[in-house]
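Got the viewer open? Follow along stop by stop, selecting residues as they come up.

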Amino acid sequence: MDIQIKEVQKVDTEAFAKEQWATINKKYDFLPAMETFYFGVYSGEELLAYAQTEIRGGVAETRSLLVKDGLTGNGIGTKLISFIENWAKKEKQCVKLIVKTSSGWPKSVNFYIKNGYKKDAVLPKYYFGIDWYYMSNDL
């Protein structure tokens with residue numbers, strides 16, 4: 001088979017991916033369906049923090065959690081991650097919440113440890129040449 005590999009745009013692959021995942025799901029009874037949810041913490045109309053969380057296969061993954069500069073250390077992030085944990089367990093029947101952070105963000109690593117997360121995996125010298133961690137908390 002003579003093939004070529006080239007860079008394409010996402011739009012060029014969407015129909016192919018949808019069709020192929022449907023075929024695989026029928027064949028193996030597996031479809032990596034994913035839902036994405038966004039949560040905001042407000043004071044009045046002001047957004048103080050947000051999180052993006054994906055649900056897939058009974059596991060929640062908070063892909064981003066960000067508290068406004070100058071407001072960290074005030075419990076906002078703790079309240080937000082606690083809300084997400086409870087929501088994921090009760091509303092989405094998740095058994096685990098995972099996050100990814102890095103040695104470049106030691107406050108983030110300490111935040112998750114303080115909130116009961118454990119390092120499950122280390123990706124040494126990953127993005128930007130620093131260690132990245134997959135951390136999780138059972139719900």
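Contact, on this tour, means heavy atoms within 4.5 Å. Keep in mind too that what you have on screen is a predicted model.

**Stop one: Leu48**

Start by selecting Leu48, which you'll find in strand S2 (residues 46-56). What does Leu48 touch, once residues up to four places away in sequence are set aside? Light up Val41, Tyr42, Ser43, Leu66, Val67, Lys68, Leu71 and Ile76, and you have the set. Now draw a distance from Leu48 to Val67: the two are 19 residues apart in sequence, and their C-alpha atoms sit 6.0 Å apart. Is Leu48 buried or exposed? Its relative accessibility is 13%, so it counts as buried.

**Stop two: Leu47**

Step back one residue to Leu47, whose place is also in strand S2. Leu47 has 41% relative accessibility and therefore counts as partly exposed. Leaving out neighbours within four places in sequence, its contacts are Gly40, Val41, Tyr42 and Lys68. Try a C-alpha to C-alpha distance from Leu47 to Lys68: you should get 8.1 Å, for residues 21 apart in sequence.

**Stop three: Val41**

Val41 turned up at both earlier stops, as a contact of Leu48 and of Leu47, so click on it next. Val41 belongs to strand S1. With neighbours within four places in sequence set aside, Val41 is in contact with Glu46, Leu47, Leu48, Ala49, Ile76 and Leu80. For a longer line across the screen, connect Val41 to Lys96: 22 Å between C-alpha atoms, and 55 residues along the sequence.

**Stop four: the rings**

Now show the aromatic side chains. How many aromatic pairs does a search of the whole structure find? Seven. Take Phe39 and Phe83: their ring centres are 5.6 Å apart and their planes meet at 70°, so the pair is edge-to-face. This pair joins distant parts of the chain, with Phe39 in strand S1 (residues 35-43) and Phe83 in helix H2, 44 residues apart. Colour the two by accessibility if you can. Phe39 counts as buried because its relative accessibility is 14%, while Phe83, at 45%, counts as partly exposed.

Keep those two selected and add Phe37 and Trp87; ring pairs link the four residues Phe37, Phe39, Phe83 and Trp87 into a cluster.

Next, jump to Phe111 and Tyr112. These two also make an edge-to-face aromatic pair, 4.9 Å from centre to centre with 70° between the planes. Both partners are buried: Phe111 has a relative accessible area of 16%, and Tyr112 has 6%.

**Stop five: two helices crossing**

Switch to a cartoon view and pick out helix H2 (residues 76-92) and helix H3 (residues 106-114). Two packed helices are described by the angle between their axes and the distance between the axes. Here the axes come within 11 Å and cross at roughly 55°, which makes H2 oblique to H3. As for handedness, the crossing of H2 and H3 is right-handed.

Which residues make the contact? Select Gly77, Thr78 and Ile81 on H2, then Phe111, Tyr112 and Lys114 on H3. Sorted by kind, the residues of this contact are three nonpolar, two polar and one charged.

**Stop six: Trp105**

Look in the loop between S4 and H3 for Trp105. Trp105 has a relative accessible area of 58%, so it is exposed. Draw a line from its C-alpha to that of Trp132: they are 9.5 Å apart in space and 27 residues apart along the chain.

**Last stop: two positive phi angles**

Most residues other than glycine have a negative phi, and most peptide bonds are trans. Two loop residues are worth a click with that in mind.

Gln93 lies in the loop between H2 and strand S4 (96-102). Its phi is near 55°, a positive value in a residue that isn't glycine. At 55% relative accessibility, Gln93 counts as exposed.

Phe128 is in the loop between strand S5 (118-123) and strand S6 (132-138). Though not a glycine, Phe128 has a positive phi of about 60°. Is Phe128 buried or exposed? With a relative accessible area of 77%, Phe128 is exposed.

Definitions and conventions
Residues are numbered from 1 along each chain as its sequence is written. This is a predicted model: local features need pLDDT of at least 70, side-chain atom pairs count only at pLDDT 80 or more; totals for chains, interfaces and linings use all residues. Side-chain values use heavy atoms; hydrogens and water are left out. Axes are lines fitted to C-alpha atoms, for helices over the stretch in contact, and angles run from 0 to 180 degrees between N-to-C directions. Helices (H or I, at least four residues) and strands (E, at least two) are DSSP runs, numbered from the N terminus. Angles under 35 degrees count as roughly parallel, over 145 as roughly antiparallel, 65 to 115 as roughly perpendicular and the rest as oblique. A crossing is left-handed if the near helix is turned anticlockwise from the far one by less than a right angle, and right-handed if clockwise. Ala, Val, Leu, Ile, Met, Phe, Trp, Tyr, Cys and Pro count as nonpolar, Asp, Glu, Lys and Arg as charged, and the others, Gly among them, as polar. Rings of Phe, Tyr and Trp (its six-membered ring) pair if their centres lie within 6.5 Å; planes under 30 degrees apart count as stacked, over 60 as edge-to-face and the rest as tilted. Buried means under 20% relative accessible area, exposed over 50%, partly exposed in between (1.4 Å probe, protein chains only).
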